[in-house]
Amino acid sequence: ARPSSGAGDREEAEGPSRATAMLRHLLLTLRATGPVTVAEYMREALTNPGQGYYTRRGGIGESGDFVTSPEISQVFGELIGIWYISEWIAMGKPKAFQLVELGPGRGTLTDDILRVFNQLASLLSKCDVSIHLVEVSPKLSEIQAMMLTGGKVQSNPENKSAYMKGISKTGIPIFWYRDIQDVPLGYSFYLAHEFFDALPIHKFQRTEKGWREVLVDIDPEVPDQLRFVLSPSSTPATENFIQPEETRDHVEVCPEAGVIIQRLACRIEKDGGAALVADYGHDGTKTDTFRGFRNHKLHDVLKAPGTADLTADVDFSYLRKMTQGRTATLGPIKQREFLKNMGIDLRLQVLLQNSRDTATREQLLHSYDMLMNPKEMGDRFNFFALLPHHRLADPEKKHKPESKSPVAPVAGFGELLLK
Ligand code: SAH
């Protein structure tokens with residue numbers, strides 16, 4: 001288990017001037033244009049190129065605003081690395097694959113995965129592996145470059161679609177992009193850990209007059225304060241994003257997540273591969289989940305925009321729908337079930353046996369509890385996968401319906417079998 005990381009974020013991230021700058025910018029916009037959608041507000045607060053939270057702060061880790069599973073324990077990334085290897089084997093060991101991570105944060109997850117790939121180098125020796133990171137934050141991409149390459153990167157490489165490139169400590173080429181569409185086509189394994197929850201959502205409220213969109217406006221009562229209002233009539237979003245059969249009274253929709261999952265599904269359908277999505281979320285049942293985090297505490301989403309992480313639960317039923325049947329989907333299943341299926345208990349035993357001091361053993365047990373305890377991340381986080389249809393369909397069955405030979409189970413969602 002790694003010690004907490006993230007030192008250095010704190011010093012430069014605080015200060016009222018930053019919050020005021022973002023708030024001033026929003027107040028000017030709102031005065032000029034009237035209320036904006038929650039999606040526009042969230043996009044500005046998180047990824048505005050000058051003052052956005054991820055652009056400037058991105059406080060992931062114990063000394064930041066929120067901690068994620070890969071930052072808690074190296075075991076998490078190792079098991080995900082094994083998931084990709086297991087799928088690579090199940091799909092007949094293709095000669096090359098790209099590992100594409102969306103929103104890599106500090107780069108820790110990819111680093112742990114690369115360590116597994118390196119340990120299994122003999123297995124992968126004939127496979128051409130490359131890493132492709134989709135990251136909008138210049139600050140976080142610098143941290144990723146440091147973590148993965150030791151800082152040896154080239155900006156503006158001749159490959160125009162990538163804005164940076166380098167070679168990992170284990171000798172694997174790494175490229176950085178701002179958009180998934182810039183990533184070259186080809187057989188790819190996609191990874192999105194706590195990525196979709198950071199994408200902008202629209203919020204809707206059912207009223208006696210029909211659906212209305214929740215908007216962000218200036219509070220006329222309190223100077224420099226924002227408030228939520230309802231659109232006076234329906235908006236293009238209420239017309240397009242609410243399903244006729246919707247039964248909830250309050251709904252959040254993330255169209256950007258829908259567009260991205262559609263792109264992944266198209267790519268997997270055409271070129272092969274798989275996508276693993278891990279996030280907190282629900283299957284189309286929850287209502288008001290929009291919230292802010294700062295210094296590991298809940299933070300009013302409308303206060304000091306740009307200084308807190310804003311997030312909303314991922315609606316996996318919406319992601320499934322947006323694949324439009326181009327791929328098969330698995331999950332969502334709870335993190336503790338996924339990690340158990342991946343063999344976390346065995347891995348913990350090995351690490352405990354190999355650790356000499358009590359402090360390390362305690363740390364290992366503590367991080368295991370954080371990942372697996374239903375009250376911590378065990379039940380809140382879910383795993384969801386996209387796979388080509390043929391991966392789950394038994395080719396034998398087509399011709400011989402009586403055949404009993406099963407397709408290899410997909411690790412994590414079933415038993416892990418490494419043959
Ligand atoms: N996966 C990491 C980090 C999660 S935080 C972890 O689990 O530790 C969300 C990440 O997504 C950050 O790296 C943030 O900069 C990035 N991000 C947010 N919006 C994005 C967008 N629209 N496009 C690409 N990356 C984005």
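The turns below ask how the pocket, sheet and ligand terms apply to this structure.

User: What kind of model is this, and how are residues numbered?
Analyst: The model is predicted: local features need pLDDT of at least 70, side-chain atom pairs count only at pLDDT 80 or more, and totals for chains, interfaces and linings use all residues. Residues are numbered from 1 along each chain as its sequence is written, and side-chain values use heavy atoms, with hydrogens and water left out.

User: What makes a site a pocket here, and what volume has the largest pocket?
Analyst: On a 1 Å grid over the protein atoms alone, a pocket is an open set of points with protein on both sides within 12 Å along at least five of seven lines; a cavity is a set where a 1.4 Å probe fits but cannot get out. A volume is the space filled by probe spheres set on the points, which are joined across faces, edges and corners. The largest pocket has about 670 Å³.

User: What makes a residue part of the lining, and which lie closest to the centre of the largest pocket?
Analyst: A lining residue has an atom within 4 Å of a point. The largest pocket has 36 of them, and Gly 103, Val 136, Phe 195, Ala 198 and Leu 199 are closest to its centre.

User: How does that lining divide by residue type?
Analyst: There are 19 nonpolar, seven polar and 10 charged residues. Ala, Val, Leu, Ile, Met, Phe, Trp, Tyr, Cys and Pro count as nonpolar; Asp, Glu, Lys and Arg as charged; the others, Gly among them, as polar. Therefore Gly 103 counts as polar, and Val 136 as nonpolar.

User: And how does the lining of the second largest pocket divide?
Analyst: Seven nonpolar, five polar and nine charged residues line this pocket, which holds about 400 Å³.

User: Why are S13 and S15 called paired?
Analyst: Two strands pair if DSSP finds at least two bridges between them. Three bridges join S13 to S15, so they pair, and they run antiparallel. One bridge links Gly 292 with Leu 310 in S15.

User: Which strands are the edges of the sheet S14-S13-S15?
Analyst: This is an open sheet of three strands with antiparallel pairing. Strand S14 (297–299) and S15 are the edges, as each pairs on one side only.

User: How do you know that His 193 makes a polar contact with the ligand?
Analyst: A polar contact is a pair of N or O atoms within 3.5 Å. A polar side-chain atom of His 193 lies 2.6 Å from a ligand oxygen, so the pair qualifies.

User: Which glycine backbone atoms pass that test?
Analyst: A polar backbone atom of Gly 103 is 2.8 Å from a ligand nitrogen. For Gly 105, a backbone N or O atom lies 3.0 Å from a ligand oxygen.

Terms used:
Helix = DSSP H or I, 4+ residues; strand = E, 2+ residues; numbered from the N terminus. Polar contact = N/O pair within 3.5 Å; in protein donor to acceptor, adjacent residues only side chain to side chain.
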